[in-house]
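Student: I've got a structure open and want to check the reasoning behind a few packing terms. Can we go through it together?

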Amino acid sequence: MKINITVNGAEQAVDVADNALLSDVLRDALGLTGTHIGCDTSQCGACTVHLDGRSVKSCTILAGQADGGEVTTIEGIANGEELHPMQVAFRANHALQCGFCTPGMIMSAIDLVASSDEPLNAEQVREGLEGNICRCTGYHNIVKAVLDAQANM
Amino acid sequence: MNAETGIGASALRKEDARFITGKGQYTDDINVFGQTFCVFVRSPHARAKIKSIDTASAMAVAGVIRVFTGDELTADGIGDLPCGWVVTSKDGNPMVAPAHPPIATEFVNYVGEPYAFVVAETLQAARDGAEAVSADFEVLEAVVDTGTATSSAQIHENVANNQAYDWELGDKDATDAAFAQADHVTSLDIVNNRLIPNAIEPRAALGSYDAASQTYTLYTTSQNPHVERVVLALFVQVAPEANLRVISPDVGGGFGSKIFVYAEETAVIWASAKIGRPIKWRADRSESFLSDAHGRDHVTKAELALSSSGEMLGLRVKTIANMGAYLSTFSSSVPTYLYGTLMAGQYKTPAIYVETQAVFTNTAPVDAYRGAGRPEATYVVERLVETAARELGMDPVELRRINFIPTDAFPYQTPVALQYDTGNYAASMAKALELADSDGYMARKAASEAAGKLRGRGYSCYIEACGLAPSQLVLQLGAGVGLFESAEVRVDVSGSVTVMTGSHSHGQGHETTFAQLVSDRLGIPFDSVNVIHGDTGRSDYGLGTYGSRSIAVGGSAIDKALDKIIAKGKKIAAHMFETTDDQVDFADGQFSYAGSNEPKPFAEIAGAAYIPAVYPLDELEPGLSEKAFYDPSNFTYPAGSYVCEVEIDPTTGETDIAKFVAVDDFGNVINPMIVEGQVHGGIAQGIGQALLEHGIYDSSGNLATGSYMDYAMPRADDLPDFQVDMTSTPCTHNPLGVKGCGEAGAIGSPAAVMNAITDALGVKDVSMPATPQTVWQTIQQGT
Amino acid sequence: MEEHGEFLIPASRNEVWRALQDPLVLKQCIDGCEQMTVINADEFECAVTVKIGPVKARFNGTISILEAVQPESYTLKVAAEGGAAGFGQGQAHVQLHETNEGTRLTYAVEGSIGGKLAQIGSRLIQSFSRKMARSFFESFSKQWVA
Ligand code: FES
Ligand code: FES
């Protein structure tokens with residue numbers, strides 16, 4: 001089937017198999033390999049992207065479901081050369097080591113901060129990132145980074 | 001020194017630029033022209049004889065190119081997956097290793113063992129093909145339990161009693177004598193729970209063969225591409241060494257599980273030549289659970305002999321270590337040389353005797369996982385010490401203090417083979433107590449109690465031997481490879497530098513740390529240093545990254561190459577100054593000579609090296625590029641004191657880590673930010689082991705914890721903020737005075753957590769993981 | 001996995017015994033059974049589609065009757081292959097007792113699974129098997145109620 005999606009601002013018409021996942025389309029058809037696959041039970045969050053402004057695990061969404069939607073991936077959050085405040089904060093706070101969970105973590109964190117009316121505290125950040133597994137950092141610096149970025153978003 | 005990027009500065013990481021923008025290149029991100037896809041067909045049985053395999057219907061699936069079985073690899077001369085360290089038993093016999101064909105031929109011995117693989121045009125076709133492969137199995141009785149494996153059905157034809165070896169270390173008689181004199185003996189039965197490493201990037205491999213040049217290229221998720229190449233070439237015999245290039249691009253975490261040479265990379269590289277096209281494989285997480293080497297899984301009886309005043313007199317440890325179904329690449333060394341040798345801990349216990357029996361079961365192979373042997377050793381020693389203090393009615397801190405190896409005793413020869421070069425255990429303990437606000441503990445405990453909660457506190461003073469390893473020592477002990485590291489420092493004409501290292505970064509940040517070292521020593525900008533790793537085609541033979549060895553061994557190799565660069569620079573400068581090289585100084589990026597007021601910056605000498613106008617070419621070769629191999633003369637001995645406070649809700653059994661303090665002595669530190677990050681990650685895995693993680697096989701050998709639904713990974717809301725600090729006694733035998741920090745957190749933390757939990761509950765032992773259910777049951781039983 | 005239960009059936013022991021050997025009756029009582037073929041008096045082949053949590057899989061199995069002591073007890077042995085989903089095997093030991101109100105059927109079932117099902121679904125399997133066994137004997141005893 002053919003679907004039309006806007007990915008990182010660019011409209012794309014993609015031919016996909018009926019059972020293709022959004023993550024497959026992003027990685028294989030569009031070459032956006034920043035969206036990572038870390039599990040097959042939709043529990044690690046490495047594949048998190050934004051669909052119509054909200055964070056979703058792209059491995060749990062059929063490509064067909066995203067038809068007509070607007071997708072933002074890790075490759076699309078910087079404003080040209082200027083990094084997103086969450087990207088800046090992740091680097092400044094050493095919130096990543098191997099970097100594999102990082103795209104999903106950043107995408108989740110951006111939505112977490114953006115969709116909260118009140119500033120979040122550390123505990124809320126920990127709860128909010130519960131769907132993203134990081135095996136490297138112990139989360140300490142990720143929490144710091146999110147709190148830090150929140151001030152600049 | 002540059003305050004932002006020099007040695008000792010928390011320089012922000014170079015590699016982050018690609019990772020935070022999604023531009024990392026992990027194995028599965030790489031696609032090559034003509035690529036095909038591979039899916040492995042895995043045994044659903046823990047133990048069975050393969051009577052026949054039917055591949056015909058798989059071949060009929062549209063898009064399937066070939067279905068391979070193990071017999072074809074054997075027929076083609078492909079060898080077994082070897083174990084690289086021969087451990088010798090008490091009786092002088094070498095360990096017994098079963099045959100381990102990459103793709104099973106006659107028998108399958110654990111659920112998930114591959115017995116065929118399907119190569120197809122698309123991943124979907126490969127999956128469909130794999131589902132269509134069927135085998136006729138004669139199911140045999142599975143052996144699953146570590147403790148009773150030796151008296152269970154014999155798994156391998158050549159391995160009696162399912163025992164790989166029965167090893168010992170230390171003086172048995174002296175230890176028995178110490179126990180005979182003791183006023184008090186503390187004993188514990190300890191189970192060190194099986195863990196599944198779970199790097200978030202699943203293992204992957206992309207193999208291709210170029211018929212024109214007869215060369216093989218393997219991209220894979222390896223922590224040590226050079227070792228992978230050597231093993232595949234010399235042991236498995238997939239390709240001649242000269243024709244095989246192994247590349248580990250960005251790798252998403254390893255924690256030990258990506259050290260080993262596995263069936264899958266062997267299969268794709270071999271089969272790519274058979275079909276004449278590149279083959280890609282990436283594990284599903286379900287496959288990772290089944291087929292990555294697991295960690296820990298010990299059953300131990302441990303006893304500590306003490307005098308009435310708390311002096312530690314002797315230690316006796318008997319461990320059964322589960323190896324899984326086969327001996328994985330370095331598995332045999334883990335419960336022996338990386339375990340028994342650590343039993344002295346930070347203490348001057350005079351007599352120690354350790355026995356380890358390594359057994360086979362019908363479970364996934366067990367090998368090194370973060371800490372590898374040393375977390376298990378620390379757990380034994382530190383649980384014993386804390387329990388002994390409680391039994392003697394002593395303060396556990398005090399008991400440790402009176403037994404610490406004093407600072408004036410270094411170098412200290414332990415009764416279990418190692419010689420510690422330096423340390424100051426009381427200093428890290430003092431700092432940890434201060435950070436943990438030890439004085440305020442009773443008030444916090446009272447507050448918890450007032451709120452209906454149980455509060456407990458536990459300590460753990462670990463030591464590790466890392467910076468693997470002095471080659472001649474480990475070769476004597478049965479290792480099959482030397483453990484030096486290589487480095488090449490290539491200076492460009494403009495004075496910028498490219499470093500090729502045999503170490504491999506899969507999260508450790510070598511591109512940054514090594515660049516700091518180089519820029520600091522050469523006095524050149526941090527941004528003009530590039531670090532290249534993970535490609536056997538570009539760097540010299542090296543041994544890769546594990547065992548907290550990269551800075552201590554790999555960094556020292558770079559440092560040694562830098563010495564050579566500076567020495568040659570001095571020679572060139574001497575000609576420019578018209579003096580001799582012993583008259584030339586090098587500091588802050590400048591070559592200077594007392595007889596001249598015009599020092600020469602490093603870049604100018606680099607230029608002169610490549611434009612050889614000023615020096616005689618019969619004395620000095622042109623160019624400025626040096627190599628070094630560094631072989632350490634001893635292990636390094638990071639050590640530290642950890643304090644954990646827990647608060648337990650007795651109504652639910654839920655444990656909250658209220659405080660976690662880690663004070664580590666890593667000697668000199670190049671980048672404190674990175675080092676702290678390593679400690680955080682290690683602690684998270686240690687707390688994971690203590691509270692959450694458990695790899696469980698049911699009695700028929702199915703992995704019952706085979707997904708993130710059943711294997712509890714630490715998530716953000718399971719963990720606290722950590723308080724991390726350091727003390728420093730620089731390593732005495734490497735040029736940088738560094739020790740290594742990658743494993744410490746995972747080594748020190750489980751005992752601290754479990755000591756705190758047993759303190760809170762007032763019980764002698766609780767088995768890991770202390771899940772709410774376990775804790776709640778312990779409270780109900782009141783034992 | 002182990003499961004016990006009992007049902008009171010308003011019929012004579014001989015009637016119940018006969019029904020327990022009847023492939024058609026067995027087919028009706030096995031949830032999701034699509035086909036039941038008689039191999040011989042003590043052996044049947046069946047195809048069953050089951051849904052365990054999110055997983056739906058078709059199993060091909062054999063049912064054999066063992067240790068039959070007419071009309072008191074027998075053991076029903078089931079071995080099923082679900083391809084990529086995994087496999088299962090189990091035994092039901094059934095006993096029939098004559099009482100004043102009819103026949104009391106008691107059963108004890110034990111079984112095990114392997115493959116993908118065991119890896120992903122081990123938490124679901126226990127309750128699933130319990131349900132499957134219960135529903136079998138429930139449907140079986142209901143024949144006489146209706
Ligand atoms: S890959 Fe999507 S949640 Fe794990
Ligand atoms: S940085 Fe490696 S998994 Fe998070």
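Tutor: Sure, and keep in mind that this is a predicted model. Start with helix α3 (residues 102-114) of chain A, which lies across β3, β4 and β5 of chain A and runs at about 40 degrees to β3(A).

Student: What makes an angle of about 40 degrees oblique?

Tutor: Roughly parallel needs an angle under 35 degrees and roughly perpendicular needs 65 to 115, so a value of about 40 degrees counts as oblique.

Student: What is the strand order in the sheet of chain A?

Tutor: Five strands are lined up as β2-β1-β5-β3-β4, in an open sheet with mixed pairing.

Student: Why are β2 (10-15) and β4 (54-57) of chain A at the edges?

Tutor: Each of them has a single partner strand, so one side of β2 and one side of β4 has no neighbour in the sheet.

Student: How do you know that β1 (residues 2-7) and β5 (residues 70-72) of chain A pair?

Tutor: Pairing takes at least two bridges, and these strands have two, in the parallel sense, so they qualify. A:Thr6, for one, has A:Glu70 in β5(A) as its bridge partner.

Student: Over in chain B, why are α14 (residues 510-522) and α15 (residues 550-577) called roughly parallel?

Tutor: They pack at an angle of about 30 degrees, with axes 10 Å apart. The cut-off is under 35 degrees, so α14(B) is roughly parallel to α15(B). The crossing is right-handed.

Student: Which kinds of residue make up that contact?

Tutor: Nine nonpolar, five polar and three charged. Among them, B:Phe514 and B:Leu517 are on the α14(B) side, and B:Ile558 and B:Leu562 are on the α15(B) side.

Terms used. Residues are numbered from 1 along each chain as its sequence is written. Chains are lettered from A and ligands numbered from 1 in the order in which they are written. This is a predicted model: local features need pLDDT of at least 70, side-chain atom pairs count only at pLDDT 80 or more; totals for chains, interfaces and linings use all residues. Side-chain values use heavy atoms; hydrogens and water are left out. Helices (H or I, at least four residues) and strands (E, at least two) are DSSP runs, numbered from the N terminus. Contact means heavy atoms within 4.5 Å. Axes are lines fitted to C-alpha atoms, for helices over the stretch in contact, and angles run from 0 to 180 degrees between N-to-C directions. Angles under 35 degrees count as roughly parallel, over 145 as roughly antiparallel, 65 to 115 as roughly perpendicular and the rest as oblique. A crossing is left-handed if the near helix is turned anticlockwise from the far one by less than a right angle, and right-handed if clockwise. Ala, Val, Leu, Ile, Met, Phe, Trp, Tyr, Cys and Pro count as nonpolar, Asp, Glu, Lys and Arg as charged, and the others, Gly among them, as polar.
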